[in-house]
Amino acid sequence: MTLFDKFKPVRTAHQSLIDHGVDPFRLVVQQVLSPTEAMINDRRTILAGTNNYLGLTFDPQCIAAAREALEGQGTGTTGSRMANGSFEGHVALERELAAFFGCSSAIVFSTGYQANLGILSTLAGPGDSILLDADSHASIYDGCRLGGADVIRFRHNDVTDLEKRLVRLGDRAPRALIVLEGIYSMLGDRAPLAAVVAIKEKYGACLVVDEAHSLGVLGEGGRGLAEEAKLDEKVDFIVGTFSKSLGSTGGFCVSRRPELDYIRYMSRPYIFSASLCPSVVASTRVALSILASQQQLRERLWENSHVLYEGLQKAGFTLGPEVSPVVAATVPSKEYAVAFWHGLIAQGVYVNLMLPPATPNGLSLLRCSVSAAHTPEQLTTICEAFATLKAQLSE
Ligand code: PMP
């Protein structure tokens, strides 16, 4: 046995994917043309897997703000805020996030992944417990591991299972942290927030909601599931990312709890990683103000989500349990998924190929994410491409 033996199964699995044609994990986007179009394999391709929910990546105001920050403040901060200090933009973005969520404070991280690592590992350590939904994103699992708390998974969206596990903790329940996602990234379903809040209050636990896919998507003001469910004040910590509806990169946590301010001094992913570069901070600040003020983008996003969900449903695909901007078609096998994904690319449609172990319950998924920027014609083309391939490929 050597260190390198562990790579053999990966090599075999990878080879079997490449044997089907282009390597799905090395696809090159040659040129991005707009929030919904790019050149891929020398062909104009509709982007239907970007998480660019509000289509803000080419917004002229966001680009102008980024350009001004780039020219005025340089390309990067070259260090963490603890070591190199905060730029004014970091502090302003935190102030604006806290105000947007009606919270007392906010912390900005360099990615959404780091936000989960930083918050979860600091909130729950040895002797504490984290109850997490089985379908949680990898960054939630990794954050739990980094902190060293006991990790207890409950069945996806199953409040009875969650309560059973909290009861088992006995007098350790007040040292439990429950973690949910606003909209789950793979199948697009919402967490049953009201029922979970009732349980967390009954047992005195603490609640974190990752609104990565629901920020800008749910709630009249775009604050996410907590707003939509009118439970903003009951969620202890909200984490999220700038890499989806805000069209940049970075992550954040907001809270009404004073403890958030101390997390900054204890969180390794915050302390030991370079802070966000000024241009990213600048475009994110403008995108946040657009997200907050332009409700019509959210309305368009939902109209488009209905069109895609209902179009694929009519074409006979098995989809997630509810309409949302994440529309994922479950297909019978990995091989079928890979062939289908290649077929879509050949027809000028890009979606996410999602395979186990990255998916819940070993599902093979063709995952689409809808954007407010998709045109009706693009949505029709996506549905037609799915229907054509379904007729062509045998399961
Ligand atoms: N949380 C969830 C639920 C996500 O889906 C993602 C990204 N897919 C992240 C966190 C990580 O965000 P980022 O890409 O900004 O690191």
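These are my notes on one helix, a small sheet beside it and the overall build of a predicted model.

**Entry 1: the whole chain**

I started with the inventory: the protein has 15 helices and 14 strands. I then checked the radius of gyration, which is 21 Å, close to the 21 Å that the globule rule gives for 395 residues, so the protein is as compact as a globular protein of that length. I also looked at the C-alpha trace, which spans about 55 × 55 × 50 Å along its principal axes. Of the 395 residues, 56% come out as buried. For contacts with a separation of 6 or more, I found that 68% join residues 24 or more positions apart.

**Entry 2: helix 13**

Next I picked helix 13, which takes in residues 295–314, 20 residues in all. From first C-alpha to last it reaches 29 Å, and the expected figure at 1.5 Å a residue is 28 Å, so I call that close. Which residues of helix 13 are buried? My list reads L297, R298, L301, W302, N304, S305, L308, Y309 and L312. I noted that an arginine, R298, and an asparagine, N304, are on that list. Why do they share a side of helix 13? They cover an arc of only 165 degrees around the axis, which puts them on the same side. Turning to the face away from the buried side, I found the exposed residues E303 and K314 there.

What covers the buried residues of helix 13? The cover includes two helices, helix 12 (278–293) and helix 15 (376–392), and two strands, strand 11 (326–331) and strand 14 (364–369). I also looked just past the end of helix 13: G316 follows, and its phi is positive, near 95 degrees.

**Entry 3: the sheet with strands 11 and 14**

Two of those covering strands led me to a sheet. It is open, has three strands in the order 11-14-13, and pairs antiparallel. Strand 11 and strand 13 (352–354) stand at the edges with a single partner strand each, so one side of each has no neighbour in the sheet. Ignoring direction, neighbouring strands here are turned by 25 degrees against each other on average.

How many bridges join strand 11 to strand 14? I count six, with the two strands running antiparallel. For a landmark I wrote down T330, which stands opposite L365 in strand 14.

Last, I looked at what lies across the sheet strands. Helix 14, residues 334–346, lies across strand 11, strand 13 and strand 14. I have helix 14 running at about 35 degrees to strand 14.

Terms used: Residues are numbered from 1 along each chain as its sequence is written. This is a predicted model: local features need pLDDT of at least 70, side-chain atom pairs count only at pLDDT 80 or more; totals for chains, interfaces and linings use all residues. Side-chain values use heavy atoms; hydrogens and water are left out. Helices (H or I, at least four residues) and strands (E, at least two) are DSSP runs, numbered from the N terminus. The expected span of a helix is 1.5 Å times one less than its number of residues. Buried means under 20% relative accessible area, exposed over 50%, partly exposed in between (1.4 Å probe, protein chains only). The arc is that of the directions from the helix axis to the C-beta atoms. Contact means heavy atoms within 4.5 Å. Two strands pair if DSSP finds at least two bridges between them. Axes are lines fitted to C-alpha atoms, for helices over the stretch in contact, and angles run from 0 to 180 degrees between N-to-C directions. The radius of gyration is taken over C-alpha atoms; the globule rule is 2.2 Å times the number of residues to the power 0.38.
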